Amino acid sequence: MIKTKFTPLALLVAAATAPVQAQVIMSEYVEGGSNNKAVELFNTSESTISLSGYTLTFYNNGDTKATNTIELNGELAAGQTYVVADDNADGVLQDAAQLLNSGSWFNGDDVIVLRNGETVLDSFGQFGFHPDGGAYTSNGVTTKDKTLRRNLDITTGRTTIDAVFDPSAEWTQFDKDDFSGLGSHSGDTGGGDDGGDDGDKPEPLVCGEAATAINAIQGSTDESPLKDQIVTIEAVVTADLQEDNQLKGFFVQSLAADMDEDNMTSEGLFVYYKDVDVKVGDQVRVQGTVQEFYNATQLGNVTQLEVCGSADVQAQMLTLPVNEVSDLEAVEGMLVSLSNNMVVADTYNLGRYGEIGLATERLYQGTQVALPGEAANKYEAENAKKFLQMDDGSTVQYPTTVPYPSTTLDAYNTLRLGDTVSNLEGVITYSFSKYRLHPTQAPAFISSNERAEKPELKGEGDLRIASFNVLNYFNGDGQGAGFPTERGAKTAEEFARQEDKLVSAITALDADVIGLMEIENDGYGEHSAIASLVAAVNAESAYTYAYVDFKAPKVGGDVIVTGIMYRTDTVEEAGEAAFTTEAPFDYYNRPPIAQSFRKLDNHEEFTVAVAHLKSKGCRSSKDDNADQGDGQACWNAVRTQGANAFADWLATNPTGNDDKDVILVGDMNAYAMEDPMRALEAKGLSNVMTHLDGNTVSYSYNFSGRMGSLDHAVASASLLTKVTDATDWHINADEPRLLDYNLYQDYDRKHAKPEGLYAGHTYRASDHDPVIVEIKTVAAEPPVDPRPVIEAGQHFTVAENTQLNTIIGMLDFSDADADVTPVERFIVTGTNMIAVNEAGQVVVAGELDYEFDNRIEFMVQAQDSAGNLSEQVQVVVNVTDVKRGDDNDGDDDSGSFGWLALFAAPLALLRRRK
């Protein structure tokens, strides 16, 4: 990590007698208490050296395999020093450093090698050798718990790295944690040569005479065309930052008459000089050397300064986004006024460096909204055009007064991401790969992203499932002692503060089942972390919670684990609690856990699983797991493998419950469009938030000024249909980390937090926002089928010769939406003897004769007002025989008239056909 700092390096008297092979060497070695580790480098040559390709490599305990390699950058001017320090070192040491780096540093028995590419330039210690006593010691000089400074007559490095190392031969010993010489190999206080008396008195400066234009110094490219030249400028002071706890210099801008018409050349410049006090509005004439300090043009080695009077400067109007980030080079060092309001996009370093990230709008991670690779990278390139860092101009780390908002930040007067900032005017600088605005007037902050006291959901469901990363909840020995722990709170007091915040948040979730991440992996006994958390919640909640016991002393080998807690008055366990440590969950990805539940009021069953996949940090990653430059960072292959394996494991019904309703919640360490999330989708587990919103613009985390969802809920198809609502509750990601439970801001606990930043409320209980899903467990009524339905198998009976239009029965039919689209008609096919009217009544439509048609079969179909048709159904009408001419004696009279039947038969047949 590079520290945000703008302090030029110390300049020594040039070594005129330096040999031809002079080079960069190690000039100071700091092996102090705790993380107080630093190495100072010195350029013994007469030329500026680019440090690109230079590395410092550490070898621990005689090992020949490197334990840490630090890549250097920037330039090292002739006779100047460059300090590299541990990023958790003492603040005084960090202030003296130009590069801060984490990782495994060194102790007194380790080896340090300085290289340029493969070429060894210098070494400290004996490569491949582990000295006794934990240090190299000779003639009273030791490398353990001491500061060593290279003797001034040493101008070339020690290039035989496996040679016997005698620290007394080239080094002088100073006390432990003595940083007084850092930044100056000659032993002065550093800060640059501001123009001493070399015996030749310079010509005095004359105001108004010809001078070098600032636009000529800045040029139209990234580096000044006048680099290393001595120039004289005359300009107006726009920002005064000369204090020792500031930039130790001031900004100037061209007089109106000296400005050019080239939009690509800046009219502003930083002057590194504090020996003569200036103030905003002074017209000054300055002589010094043009320098490039970490890719920013400045005037240093100032020899003379005269105040010539006063003048006004009009701020240049600046509108974001710019067409290209490089367009800001044209206003580097200039006084600008932003034409548009900005929103707070990042507060990560607010407490440490007084920095706030500003943007034209809330910015999303590229892979949250676009596919990894070209699309995501293009999106991120557009983000960069909308972003500007606001810097308070101070070099003090961990100030006792937080500079923004208007020095009034506290637990209740917060500064949330998404808040609006106006009245932005200041000078533009460039350092540590970012363009920065140093305000010259107080910005105005408007609370535009208010806190929500509870999750905002529709309330249509009867079950809530939540996911919450509780940020390393470690409870010591579970009885009030056992601190510090491996992670989390360092003291019992901090633990109580952490627990108060978490309990406040968990009780407000009002959830029935909660998946937890980053719980201490210490089993499920009465003093375990999960038992402690659930007990604390029960002490404050209106409900009673229990936790799922996976009946193991630990789940997997990591120090943290996932867990499940649930409300005992709404659900009960309905399966065997399950987990697996099979690959790819034997390392990196945390073991999956799952348990099935039964809702007590309606006996609906469902399964909840919890995931915590490998983080994006790049330490030790390689090959497919190295950063591929597609926006997914490191370990993407491991996470994707974990996502696939998790889905496959769930498909085996590991809890023994085969109910199809499954929900997987957790910290996937993958944004919505990344490979692991798409792998889960392909396995039938759909992103709940994306399903509801129809997009991926939700978020639960903020990193480097970009929002995105690392925390997700994915559900099986059957459960997805029952989801009524879901949300991320933004109690953490939008809040400054200053408001968390910690008593100190730094890892070494040397910088206490200012008063008033802590409260035991919900906000900044963690760094991840909880995700809450609302479910309606009683399935909704199936959609109404608008088609009419005619009951099959209907029979009717009618006597022959029944009068036409006689109703012989009512057709049995139904219409589910009769009040909307009623049945209008019935369609009869297969006969013209029977009809069905619009009311469904079966009607005689022709003359019926038993002798010729005693069974009539036909098909009928109903049609409603919307044109919906029922299925065709067969209906049967039986025609009964009616006896004619019967007399009282029962004799058959057909004998008298039988002969007439011979004549009547053809006539009857003719009638039937008609």
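Is cysteine 207 buried, exposed or partly exposed? Hold that thought, everyone, and we'll get there by way of the whole chain. One thing up front: this is a predicted model.

Let's start with the overall shape. The radius of gyration comes to 41 Å, whereas a compact globule of 914 residues would sit near 29 Å. The C-alpha trace tells a matching story, with spans of about 165 × 70 × 50 Å along the principal axes. For secondary structure, we have 13 helices and 52 strands.

Now the packing. Of the 914 residues, 54% count as buried. If you take contacts between residues at least 6 apart in sequence, 72% of them join residues at least 24 apart. As for the surface, the protein exposes about 39400 Å², and 47% of that is supplied by carbon and sulfur atoms.

A word on charge, for those of you already thinking about electrostatics. There are 143 negative side chains and 64 positive ones. The centres of those two sets lie 3 Å apart.

Back to the cysteines, then. The structure holds 2 disulfides. One is formed by cysteine 207 and cysteine 308, with the sulfur atoms 1.9 Å apart. This pair links distant parts of the chain, its two cysteines being 101 residues apart. Cysteine 207 is in the loop between β14 (171-174) and α3 (214-218), while cysteine 308 belongs to strand β19, residues 296-310. The torsion about the S-S bond is about -80°, so this disulfide is left-handed. And here is the reply to my opening: cysteine 207 has a relative accessible area of 36%, so it counts as partly exposed. Its partner, cysteine 308, is partly exposed as well, at 26%.

The other disulfide joins cysteine 618 and cysteine 634, and there the sulfur atoms are 2.0 Å apart. These two cysteines are 16 residues apart, and both sit in the loop between β36 (605-612) and α9 (636-650). The link is right-handed, with 90° about the S-S bond. What about accessibility here? Cysteine 618 is partly exposed at 41%, but cysteine 634 is buried, with a relative accessible area of 1%. Number the bonded cysteines in sequence order and the pairing reads 1-2, 3-4.

I'd like to finish with two individual residues, so please rotate your views along with me.

Where does glutamate 674 sit? Look in the loop between β37 (662-667) and α10 (675-682). Its relative accessibility is 0%, so glutamate 674 counts as buried. Leaving out residues up to four places away in sequence, glutamate 674 touches Thr367, Pro372, Lys616, Gly631, Gln632, Arg639 and Asn669. Notice that both Lys616 and Arg639 appear among those contacts.

Next, threonine 727, which you'll find in strand β42, residues 723-728. Is threonine 727 buried or exposed? The cut-off for buried is under 20% relative accessible area. Threonine 727 comes in at 16%, so it is buried. Setting aside neighbours within four places in sequence, its contacts are Pro455, Glu456, Leu457, Met689, Pro770, Val771 and Ile772. Among them, Pro770, Val771 and Ile772 make a consecutive run, as do Pro455, Glu456 and Leu457.

That's my tour. Thanks for listening, and I'm happy to pull up any of these residues on the screen.

Methods:
Residues are numbered from 1 along each chain as its sequence is written. This is a predicted model: local features need pLDDT of at least 70, side-chain atom pairs count only at pLDDT 80 or more; totals for chains, interfaces and linings use all residues. Side-chain values use heavy atoms; hydrogens and water are left out. Helices (H or I, at least four residues) and strands (E, at least two) are DSSP runs, numbered from the N terminus. Buried means under 20% relative accessible area, exposed over 50%, partly exposed in between (1.4 Å probe, protein chains only). Contact means heavy atoms within 4.5 Å. The radius of gyration is taken over C-alpha atoms; the globule rule is 2.2 Å times the number of residues to the power 0.38. Accessible areas come from the Shrake-Rupley method with a 1.4 Å probe; for residues, only the protein chains shown count as cover. Lys and Arg count as positive and Asp and Glu as negative; His and the chain ends are not counted. The place of a charge is taken as NZ of Lys, CZ of Arg, CG of Asp or CD of Glu. A disulfide is a pair of cysteine sulfur atoms within 2.5 Å.
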